[in-house]
Amino acid sequence: MVISSDARWEMVDAITRQTVTYGTYKQTLGDVLGDLTVKPLTGIPVAVAALYAFWSIFTSFAGTLVTDGFMVKLFDGYWLPWLQSVWPDPTSWHYFIFVGNPAADTCFEAFGMLTSGLFVSIGVVLPAVFVFYLMMTILEDSGYLPRLAVLMDSVLHRIGLHGYAIVPAILGLGCNVPAVTATRILETKKQRFIMMTLLALFIPCGAQLGIMMSVLPDLVGVVMLCLVVGFVIFGFVLNKVIPGENPEILVDVPPYHWPVKEYVAKKLWNRTKGFLKEAVPFVLFGVLVVNLLYLGGVIQGLADLLEPVFVTWFGVPKETVGPLIAAFLRKDLAIAQLSTIPMTTYQTVASVVLVTIYFPCVATFVVMLREGWKQLIAAIAVLFVVVFIYGGIIHAVGILLGVA
C-alpha cells in the first residue's frame, strides 16, 4: 500500500500531538551566566578574571605550603641535617650522588638524589600540581572550559588553531604529557602539529611553575611574558609556513552545573597519582645522571665547548649546560639547578626561558613519538631553530634595554 506525501505528514502531525507537549521557557540564572560568559563583550572580562583567580590561587597555595609553610622547614630543618649526620664519609662519591654538597644548608643547594631529588618532586612540585589539577577539574566539570574555547576561537585562528586548542594549552600548564595527547581533539594535521610544537616550546608544566614560584617568585611574570610573546610570534609564523586547513570550531556548550564532588575527587586522585608515577622516578634519575656526569667531568667539558654559544649568543653563563642536560629528564629539576648558579636578573630570566623552550622532557618526547615519528622529527627541527632564534632575540632585547 502506497501512502501519499500528504498522508505521511498527517500521520506525523497525529503522532506529534499525542507525544509532544509544549511548555513555557523560563530563563534560569545558569542560562543568563551561560550567555554572558560566551559573548565577547562580557565573556572576555570574565575569562580574564577567572584566569587571574586561577593563577592567584595557584601561586598563593604553592607559596604558602612550600616557602612559608612546612615543606621547607621539614626538608631543610629535619631531613637534610639527619641525612648529613648519618651518611658515612662526606668526601665519598656516593655521598655526593645521594646527599650532595656536604656544605649545603638547604636541599636546593645540596643537589643529591635524596635531598634535592625528593624536595623538588614531593616538597615543591606535588603541592603545586595538586592545586592546579583541582582547579582544572572544577573548570572542566562546571562547564566553563567549552565557553572559554568559544571566546578564544578568533584569537587562536590567527595562529592556525581554533578555540578548543585552549584545552591542551591549559592542560600543558599541569603536564605536557596529557596535553600532547589532548591535541587529538583538533581536526587537522596542521593544527595538531602546531599545537604540539608550541606546547613543547612555550608552555611550562605545573612542576616548572612550582619551582619558579619557589626559587624566583619576583621574576615569574617576566618569564611568562617572554613565553606568551614567543607562543604568539612563532604560532603566527608556523601558520604561514605550514600548509593545511584551519576549520571553524564546532563544539557542544553544556549548561553550567555544580561539579560532582565524587567525580572531582576521582579525577584529582588519578591525575595526582599519574604525576607521582611519572615525575618522582625521572627527577631522582635526573639527579643521578647529572651528578655522574659532573663526577666524570662531562659537564665541565661540554660547558667549555659550548661557552661561545651560551655566553655570546644567549648571554647566559656556560654553567647552564648542566641544567640543560637535566632538562631532558625533568625541566623542574633543571630550573632548581639553575637557582644554585650565580647570575644576574637578566641571566636568570634568559636561562629559565631557555630551559623551558629547550628540548621537551623525556616523558613528553615519548608521547610525541607515539603521535608519529615524522611529526616528532619536524617538531624537533622547528624547536632547535626557535631556541636559537628566540634565545638570540631575548639577548638582543636585553642589550638594547641595558640589562644584558
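This briefing walks through a helix contact, a surface patch and a salt bridge. Keep in mind that the model is predicted. A good place to start is helix 15 (residues 298–314) and helix 20 (residues 373–401), whose axes come within 8 Å. Both of these helices also turn up in a nonpolar surface patch, each supplying at least two residues.

**Where helix 15 meets helix 20**

- The two axes cross at roughly 50°, which makes helix 15 oblique to helix 20.
- On the helix 15 side, the contact is made by Val311, Thr312, Trp313 and Phe314.
- Helix 20 brings Val387, Phe388, Gly391, Gly392 and His395 to this contact.
- Sorted by character, the residues of the contact are five nonpolar, four polar and no charged.

**The nonpolar surface patch**

- About 780 Å² of surface belongs to a nonpolar patch made by Val309, Trp313, Val385, Phe388, Ile389, Ile393, Val397, Leu401 and Val403.
- Helix 20 gives the most to this patch, with six residues.
- One of the patch residues, Leu401, has its place in helix 20.
- Trp313 and Phe388 are worth finding on the model: they belong to the patch and also take part in the contact of helix 15 with helix 20.

**Salt bridges**

- Side chains of opposite charge can pair when their charged atoms come close.
- You can look for five salt bridges in this structure.
- One salt bridge joins the side chains of Arg271 and Glu140, at 3.0 Å from N to O.
- This pair links distant parts of the chain, as Arg271 sits in helix 14 (residues 261–295) and Glu140 in helix 7 (residues 113–142), 131 residues apart.

Note on methods. Residues numbered from 1 in each chain as written. Predicted model: local features only at pLDDT ≥ 70, side-chain atom pairs only at ≥ 80, totals over all residues. Heavy atoms only, no water. Axes fitted to C-alpha atoms, helices over the stretch in contact; angles between N-to-C directions. Helix = DSSP H or I, 4+ residues; strand = E, 2+ residues; numbered from the N terminus. Parallel < 35°, antiparallel > 145°, perpendicular 65-115°, else oblique. Contact = heavy atoms within 4.5 Å. Nonpolar A, V, L, I, M, F, W, Y, C, P; charged D, E, K, R; others polar. Patch = residues over 30% accessible without salt bridge, like charges linked within 9 Å, V, L, I, M, F, W, Y side chains within 5 Å. Areas by Shrake-Rupley, 256 points an atom, 1.4 Å probe, with all protein chains shown as cover. Salt bridge = Lys/Arg side-chain N within 4 Å of Asp/Glu carboxyl O.
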